[in-house]
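This explanation leads the reader through one protein chain, from an enclosed space in its interior to the surrounding core, a central helix of interest, and the open pockets. The sequence and structure are shown first.

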Amino acid sequence: MRSIIAGNWKMYKTTHEAALFVDEFLGLLTDIPAEVEIVLCPPFTALETVSERIRGTRVALGAQNMHWEDRGAFTGEISPPMLADLGVQFVILGHSERRRYFAETDQEINFKVRAALSHSITPIVAVGESLAERDADQTQERVTGQTRGALSGLAADAVSKVVMAYEPLWAIGTGKNCDPECANTVMAQIRASVSGLANVPILYGGSVKPENARAYIAYPDCNGGLVGGASLDPKSFAQLAREMHVKA
Ligand code: PGA
């Protein structure tokens with residue numbers, strides 16, 4: 001099973017700052033287990049800069065969102081072929097900030113997942129419950145519903161090409177960690193919710209830091225991390241990558 005550490009930079013870093021990050025980070029790759037996949041997801045404006053700098057290294061490029069159409073009159077949007085052209089191999093889809101602030105629906109996320117797969121871009125599909133849903137004991141219903149919605153109509157072999165990410169909303173950027181055992185239970189529920197997910201990497205996200213990453217990856221259904229805040233510093237991101245390991 002693959003292990004992945006993905007850095008979601010969100011709306012941080014100019015092209016210059018992104019270049020400084022990559023130049024430092026590339027010097028820190030020693031001791032990161034060779035099998036761990038490393039993905040950097042800068043904002044659209046820094047994709048080209050990062051792409052050029054990581055070319056020929058083990059670091060892969062991801063985007064944070066995209067439209068599902070190849071082209072058209074969609075002001076402000078970015079298409080799958082535009083990303084593929086820059087060497088983008090991964091795209092985060094359905095992040096809770098996209099769902100919450102930009103009203104993305106499961107249906108739109110499903111269109112995007114299909115579009116990504118048809119352009120050989122690996123979707124990192126994010127799901128997670130709010131604090132109110134957790135308190136109302138609706139976590140499983142919420143995450144399995146989002147997973148089924150995002151992957152609706154896909155054959156099992158297409159499903160097997162995605163990466164899933166479990167990110168409880170109340171743990172994102174808050175410093176409040178989800179208990180690792182509890183996170184593993186939810187990740188197992190995600191894995192069991194759609195056929196084809198048995199061998200798909202499932203990442204945990206939500207205030208992951210070098211100090212707590214090992215506790216998550218130690219559990220059987222966790223195959224890596226999707227990291228926001230702690231991915232913005234090259235040393236911290238390299239340290240996080242070192243905490244990842246590959247499971248049988
Ligand atoms: P965080 O963000 O690591 O800053 O909590 C995670 C994410 O939103 O992907």
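A cavity is a set of grid points where a 1.4 Å probe fits but cannot get out, and its volume is the space filled by probe spheres set on those points. The model examined here is predicted. A search of the whole structure finds one cavity of 30 Å³ or more, and about 40 Å³ of space lies in the largest cavity. Its lining is formed by Y204, V208, A213, Y216, I217, C222, G224, G225 and M244. Two elements give two or more residues to this lining, namely α10 (213-217) and β8 (224-227). The greatest contribution comes from α10, with three residues. By class, the lining of the largest cavity comprises seven nonpolar and two polar residues, with no charged residue.

Several residues of this lining recur in the surroundings of A183. This residue is placed in helix α9 (residues 180-193). A183 counts as buried because its relative accessible area is 0%, where the cut-off for burial is under 20%. Apart from residues up to four places away in sequence, A183 touches Y166, C178, Y204 and Y216; Y204 and Y216 also line the largest cavity. Another lining residue, C222, is separated from A183 by 39 residues in sequence, with a C-alpha to C-alpha distance of 8.5 Å.

Y166 also appears among the contacts of T139, a residue of helix α7. T139 has a relative accessibility of 10% and therefore counts as buried. Beyond four places in sequence, T139 touches E129, E133, R134, Y166 and V186.

The next topic is the nonpolar interior. In soluble globular proteins, nonpolar side chains tend to be buried together. Here the largest nonpolar core has 64 residues, and those with the most contacts inside it are L151, M164 and Y204. Helix α5 gives the most to this core, with five residues. M164 illustrates how such a residue is surrounded: leaving aside neighbours within four places in sequence, M164 is in contact with V125, V127, T147, L151, I190, L197, V200, P201, I202 and L203. A second, separate core has 13 residues, including V39, F90, I92 and A126.

Helix α5 can be examined in its own right. Its 13 residues (106-118) should span 18 Å at 1.5 Å a residue, and the end C-alpha atoms are 18 Å apart, so the two values agree. The expected figure is obtained by multiplying 1.5 Å by one less than the number of residues. Within α5, the buried residues are I109, N110, K112, V113, A115, A116 and L117. The partners against which the buried residues of α5 pack are the helices α3 (80-85), α4 (96-101), α7 (139-150) and α8 (156-159), together with the strands β4 (90-93) and β5 (122-127). After the helix comes S120, whose phi is positive, near 55°.

A positive phi is also found at A103, a residue other than glycine, where the value is near 55°. A103 is in the loop between α4 and α5. With a relative accessible area of 55%, A103 counts as exposed, because the exposed class begins over 50%. K13, likewise not a glycine, has a positive phi of about 85°; this residue is in the loop between β1 (3-8) and α1 (15-25).

The open spaces remain to be described. The largest pocket has a volume of about 520 Å³. It is lined by 20 residues, and K10, M11, Q64, R98 and F102 lie nearest its centre. Helix α4 gives the most to this lining, with three residues. In terms of class, the lining of the largest pocket has 10 nonpolar, six polar and four charged residues.

The second largest pocket has a volume of about 270 Å³. Of the 20 residues that line the second largest pocket, K10, I172, G173, G228 and G229 are the closest to its centre. Its lining divides into eight nonpolar, nine polar and three charged residues. K10 thus appears among the residues nearest the centre of the largest pocket and among those closest to the centre of the second largest pocket.

Methods. Residues are numbered from 1 along each chain as its sequence is written. This is a predicted model: local features need pLDDT of at least 70, side-chain atom pairs count only at pLDDT 80 or more; totals for chains, interfaces and linings use all residues. Side-chain values use heavy atoms; hydrogens and water are left out. Helices (H or I, at least four residues) and strands (E, at least two) are DSSP runs, numbered from the N terminus. Buried means under 20% relative accessible area, exposed over 50%, partly exposed in between (1.4 Å probe, protein chains only). Contact means heavy atoms within 4.5 Å. On a 1 Å grid over the protein atoms alone, a cavity is a set of points where a 1.4 Å probe fits but cannot get out, and a pocket is an open set with protein on both sides within 12 Å along at least five of seven lines; lining residues have an atom within 4 Å of a point. Ala, Val, Leu, Ile, Met, Phe, Trp, Tyr, Cys and Pro count as nonpolar, Asp, Glu, Lys and Arg as charged, and the others, Gly among them, as polar. A nonpolar core is a set of buried Ala, Val, Leu, Ile, Met, Phe, Trp, Tyr and Cys residues joined through side-chain atoms within 4.5 Å.
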